[in-house]
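Please load the model in your viewer with the cartoon display switched on, and keep the sequence panel open beside it. The stops below are meant to be selected one after another.

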Amino acid sequence: MATGRTHRPATRSRGIPEATVARLPLYLRALTALSERSVPTVSSEELAAAAGVNSAKLRKDFSYLGSYGTRGVGYDVEYLVYQISRELGLTQDWPVVIVGIGNLGAALANYGGFASRGFRVAALIDADPAMAGKPVAGIPVQHTDELERIIKDNGVSIGVIATPAGAAQQVCDRLVAAGVTSILNFAPTVLSVPDGVDVRKVDLSIELQILAFHEQRKAGEETAAGDGAGPAVTARDTSTDQGPDGDVPAVMPA
């Protein structure tokens with residue numbers, strides 16, 4: 001089976017925009033659900049609604065894949081599943097290491113969606129000597145002293161960082177030095193990486209802060225509507241509710 005070390009997806013060489021690449025997993029998720037229900041074809045309107053985009057954008061995205069559908073019939077579901085999976089590189093084996101096996105790292109290790117989407121958790125790594133050898137999701141945790149050997153032995157090119165913020169950059173540097181070229185970062189910090197290394201950041205606290213902003217706005221609109229006071233305003237004046245830097249409202253600590 002091919003590994004992530006020897007094969008890379010062709011999206012960049014084919015000139016597919018990053019925004020389109022970011023939507024491909026949404027289409028794939030919707031198509032997989034249709035496939036599981038044995039739905040043979042789907043219209044652009046139906047698939048766009050399931051993926052949460054408009055149909056014109058979907059048709060434009062699929063044109064980059066060379067897939068245009070059939071008028072009056074729509075798109076072949078199974079073929080699109082294969083086509084998008086191939087474009088995303090999911091028809092090959094991608095060994096992944098997860099570094100930092102605390103609550104979040106353990107939850108990621110137990111996530112069943114990795115294997116079904118072309119990713120194999122090759123190793124779990126933690127700095128705590130007491131964790132060494134303990135099984136998590138059926139995989140024994142290994143100490144960070146073994147990180148470079150593990151990456152080399154398994155041909156790993158994708159690393160997941162789930163460590164505390166203070167340790168993330170050092171872990172990142174070691175991953176990159178060992179040959180990892182793509183990193184999924186769950187640590188609440190910005191990583192510095194050299195050219196040629198891709199980083200995707202997942203910050204749960206930021207997502208919650210954004211939701212808090214919208215909740216506050218909705219509360220303000222409801223208050224304004226109840227008072228009959230014309231244009232909606234926020235529930236409170238945030239101009240004086242500043243964060244520690246004096247310029248950003250402190251909605252929630254990072």
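Helices, of at least four residues, and strands, of at least two, are taken here as DSSP runs and are numbered from the N terminus. On that basis the secondary structure of the chain, in what is a predicted model, comes to nine helices and nine strands. With the whole chain selected, 38% of its 254 residues count as buried, and residues 24 or more positions apart account for 56% of the contacts that have a separation of 6 or more.

**The sheet as a whole**

Select the strands of the open sheet next: there are seven, in the order E5-E6-E4-E3-E7-E8-E9, and their pairing is mixed. The edges are formed by E5 and by E9, residues 198-201, each of which pairs on one side only. Strands of a sheet pair through backbone hydrogen bonds, either parallel or antiparallel, and the next stops follow these pairings from one strand to another.

**From E5 to E3**

Begin at E5, residues 135-136, which is joined to E6 by two bridges in the antiparallel sense; to see one of the bridge pairs, select Pro135 together with its partner in E6, Pro140. E5 and E6 form a hairpin with two residues between them, and Ala137, in the loop between these strands, deserves a separate selection. Most residues other than glycine have a negative phi. Ala137, although not a glycine, has a positive phi of about 55 degrees, and with a relative accessible area of 39% this residue is partly exposed.

Moving on, E6 (residues 139-143) runs parallel to E4 (residues 119-126), to which it is joined by three bridges. Ile125 is a useful residue to select here, since its bridge partner in E6 is Gln142, while Val99 stands opposite Ile125 in E4. E3 and E4 themselves pair in the parallel sense over six bridges. Now add H7, residues 147-154, which packs on the sheet and touches E3, E4 and E6, its direction making about 165 degrees with that of E4.

**E7 and its neighbours**

Which residues lie on each side of E7, and are they buried or exposed? In a regular strand the side chains alternate between the two faces of the sheet. When you select E7, residues 158-161, you will find Ile158 and Val160 on one side and Gly159 and Ile161 on the other, all of them buried, with both faces of the strand covered.

Val160 is a good anchor for the pairings of this strand. E3 and E7 pair in the parallel sense over four bridges, with Ile98 opposite Val160; E7 is also joined by four bridges to E8 (residues 182-185), again running parallel, and the partner of Val160 in E8 is Leu184. To see what lies across these strands, add H8, residues 165-178, which runs over E3, E7 and E8 at about 170 degrees to E7.

Then select Gly102, in the loop between E3 (94-99) and H5 (103-109). Gly102 is partly exposed, with a relative accessible area of 37%, and although Gly102 and Ala162 are 60 residues apart in sequence, their C-alpha atoms are 7.7 Å apart in space.

**A buried glutamine**

For the next selection, go to Gln83 in H4, residues 77-88. Buried residues have under 20% relative accessible area, so Gln83, at 2% relative accessibility, counts as buried. Leaving aside residues up to four places away in sequence, Gln83 touches Leu65, Gly66 and Ser67.

**H1 and H2**

Finally, select H1 (residues 18-36) and H2 (residues 44-51), whose axes come within 8 Å and cross at roughly 110 degrees. That angle makes H1 roughly perpendicular to H2, and the crossing is right-handed. Show the side chains of Leu26, Tyr27, Ala30, Leu31 and Leu34 on H1, and those of Leu47, Ala50 and Ala51 on H2, which together make the contact. These contact residues divide into eight nonpolar, no polar and no charged.

The last residue to select is Ser38, in the loop between H1 and E1 (41-42). Ser38 counts as exposed at 63% relative accessibility, and its phi is near 60 degrees, a positive value in a residue other than glycine.

Notes. Residues are numbered from 1 along each chain as its sequence is written. This is a predicted model: local features need pLDDT of at least 70, side-chain atom pairs count only at pLDDT 80 or more; totals for chains, interfaces and linings use all residues. Side-chain values use heavy atoms; hydrogens and water are left out. Axes are lines fitted to C-alpha atoms, for helices over the stretch in contact, and angles run from 0 to 180 degrees between N-to-C directions. Angles under 35 degrees count as roughly parallel, over 145 as roughly antiparallel, 65 to 115 as roughly perpendicular and the rest as oblique. A crossing is left-handed if the near helix is turned anticlockwise from the far one by less than a right angle, and right-handed if clockwise. Contact means heavy atoms within 4.5 Å. Ala, Val, Leu, Ile, Met, Phe, Trp, Tyr, Cys and Pro count as nonpolar, Asp, Glu, Lys and Arg as charged, and the others, Gly among them, as polar. Two strands pair if DSSP finds at least two bridges between them. Buried means under 20% relative accessible area, exposed over 50%, partly exposed in between (1.4 Å probe, protein chains only).
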